[in-house]
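I opened my notebook and started looking around. Here is what I looked up, entry by entry.

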Amino acid sequence: FKSANDCHGHRIGDLLLIEVTERLKQSFPSDIVLRLGGDEFIILMLNEDEKDALPKLKHFLSNLTKTISIQDIDFSIKGSIGLTQYPKDGDSVDELLRKADIAMYEAKHSRTDIVVFSSTLDEQQKFKNTLETELATALENDEFFLVYQPQINATTGKIKGLETLIRWDNKKLGLVAPDQFISTAEATGHIIDIGQFVLNQSLKEISDFCIKLEKATELSCLDKEEVNLSVNISVQQLFHDDFVQMMSRYAHDQTPDNIRLTVEITESLFIDDLEKAKSILSELRNQGILISLDDFGTGYSSLSSINQLPIDELKVDKSFISDIDHYSQDLSLVQSIISIGKSLSIPVVAEGVETEEQAAILSENHCDSFQGYLFSKPLKIDELLEFVKNYNKKANLQYFSSNF
């Protein structure tokens, strides 16, 4: 409906709504149909339970998808429905509508035609509301901290990089996983300030780490005496007005000599603005910052779009790695990704490597680097220092040569 308004104007949109209303009246002749506003309608079905209501709702949605022609323009319309029941889900109009809304948005989010409200959905909504409230003050209350996961060169056995990962410890919610709060931070706009915190804090901690490491031991366990520090960057951050200038300052003024700053991006930027992304990434590359494409294979990229972008590293998503020793389809996908990397001269990092079998298969297929619990869990900065101090390069090289 929004795209119809945007492309053809509100007059066409109004005519479209009139036709949708007619189809609603046809499908629910004995029920009460109300327009709540915009493209939202209420259907009040009297004396019917879920078993009776669902076939009628499904029939309406099927009828709705039939082409609507307005002034020689054909429209294809889909609907999402949230269903609540009185008195099980509430005994007031406000309560029933609130819960129907929750179910409807879940239907839209999950791309399911109809979702019946449940107590689980209510708990999820309450958690989301609490998360949004707590996230607004998380930086101010100093609730975020960073951990670092080493990346291992598959040929030398040396540490070639560190990925910076954010963690959130909240008094009400406890330890909140990034996949639970990052999308909310992006939706609410907090991701810009959180991203700034990650960059500032990681460079501060890694600078101190390098000083302590030089005093404690030789850097022979590090790959070529230089380590990539990877920081995840959201699309919002990347497209922010002063992002390139800010990253340039970080790269030149705050990054230790033996650390190479790397930004990790996801494939979602390809559907936002490929040309703008290409320009920004090229500017970052010119400043000596490396570009890593995270979760490769799960998104929207194509070989042609990757070839256009200044990518220095491909990261294979851990969802492909977990079953490569059991499922040939996953192995074929990983082999294809590694082949793409080789054909474009882009190193490939496998995430989520947890077993020797997985590492062996990846090594046999010429994967360049590994990251995962087989080598190390994500570590706080003090734990990372101890890990590097005790990292036995010779033993690790022996492990690689004997197993791979």
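**Entry 1: the whole protein**

What percentage of the 404 residues in the protein is buried? I looked it up and found that buried residues make up 45% of them. A reminder to myself: this is a predicted model. I then went through the secondary structure and noted 16 helices and 15 strands. For the overall extent, I took the C-alpha trace along its principal axes, and there the protein spans about 80 × 45 × 45 Å. I also checked how contacts are spread along the chain. Taking contacts between residues at least 6 apart in sequence, I found that 67% join residues at least 24 apart.

**Entry 2: two helices that meet**

Next I picked helix H4, residues 93-110, and helix H5, residues 119-135. At what angle do the axes of H4 and H5 cross? I read off roughly 85 degrees, with the axes coming within 10 Å. Angles of 65 to 115 degrees count as roughly perpendicular, and H4 and H5 are therefore roughly perpendicular to each other. I listed who makes the contact: H4 brings Arg98, Lys99, Ile102, Ala103 and Glu106, while H5 brings Leu121, Asp122 and Gln125. I sorted these residues by kind and got three nonpolar, one polar and four charged.

**Entry 3: the loop before H4**

I stepped back along the chain to threonine 84, which sits in the loop between strand S5 (81-83) and H4. Which residues does threonine 84 contact, leaving aside its neighbours within four places in sequence? My list reads Asp89, Leu96, Lys99, Ala100 and Phe117. Lys99 was already in my notes as part of the contact of H4 with H5. I looked more closely at leucine 96 and found its backbone oxygen 3.2 Å from a polar atom of the threonine 84 side chain.

The loop between S5 and H4 also holds proline 87. I checked the peptide bond from tyrosine 86 to proline 87, and it is cis, with omega near 0 degrees. I underlined this one because most peptide bonds are trans.

**Entry 4: two aspartates with positive phi**

Most residues other than glycine have a negative phi, so I went looking for exceptions. Aspartate 72 has a positive phi of about 65 degrees. I found aspartate 72 in the loop between strand S3 (68-70) and strand S4 (73-75). Aspartate 295 has a positive phi too, of about 50 degrees, but its place is in strand S12, residues 290-296.

Are these aspartates buried or exposed? Aspartate 72 has a relative accessible area of 83%, so I wrote it down as exposed. Aspartate 295 comes to 24%, so I wrote "partly exposed".

**Entry 5: cysteines**

How many disulfides does the count come to? I got zero. As a note for later, a disulfide is a covalent bond between the sulfur atoms of two cysteines. I still looked up how accessible two cysteines are. Cysteine 7 is exposed, with a relative accessible area of 60%, whereas cysteine 367 is buried, with 5%.

**Entry 6: three buried residues**

I started with serine 230, in strand S10, residues 227-232. Its relative accessible area is 1%, so serine 230 counts as buried. What does serine 230 touch, not counting residues up to four places away in sequence? I wrote down Gln151, Leu162, Glu163, Thr164, Thr262 and Glu264.

Isoleucine 361 came next, in helix H14, residues 356-364. At 17% relative accessible area, isoleucine 361 is buried, because the cut-off is under 20%. With residues up to four places away left out, isoleucine 361 touches Ile324, Asp325 and Leu331. I also took a C-alpha to C-alpha distance: isoleucine 361 and asparagine 200 are 37 Å apart in space and 161 residues apart in sequence.

Last came alanine 277, in helix H10, residues 274-286. Alanine 277 is buried, with a relative accessible area of 0%. How far apart are the C-alpha atoms of alanine 277 and proline 55? I found a separation of 46 Å, with their positions 222 residues apart along the chain.

Terms used: Residues numbered from 1 in each chain as written. Predicted model: local features only at pLDDT ≥ 70, side-chain atom pairs only at ≥ 80, totals over all residues. Heavy atoms only, no water. Axes fitted to C-alpha atoms, helices over the stretch in contact; angles between N-to-C directions. Helix = DSSP H or I, 4+ residues; strand = E, 2+ residues; numbered from the N terminus. Parallel < 35°, antiparallel > 145°, perpendicular 65-115°, else oblique. Contact = heavy atoms within 4.5 Å. Nonpolar A, V, L, I, M, F, W, Y, C, P; charged D, E, K, R; others polar. Polar contact = N/O pair within 3.5 Å; in protein donor to acceptor, adjacent residues only side chain to side chain. Disulfide = S-S within 2.5 Å. Buried < 20%, exposed > 50% of the residue type's maximum accessible area, 1.4 Å probe, protein only.
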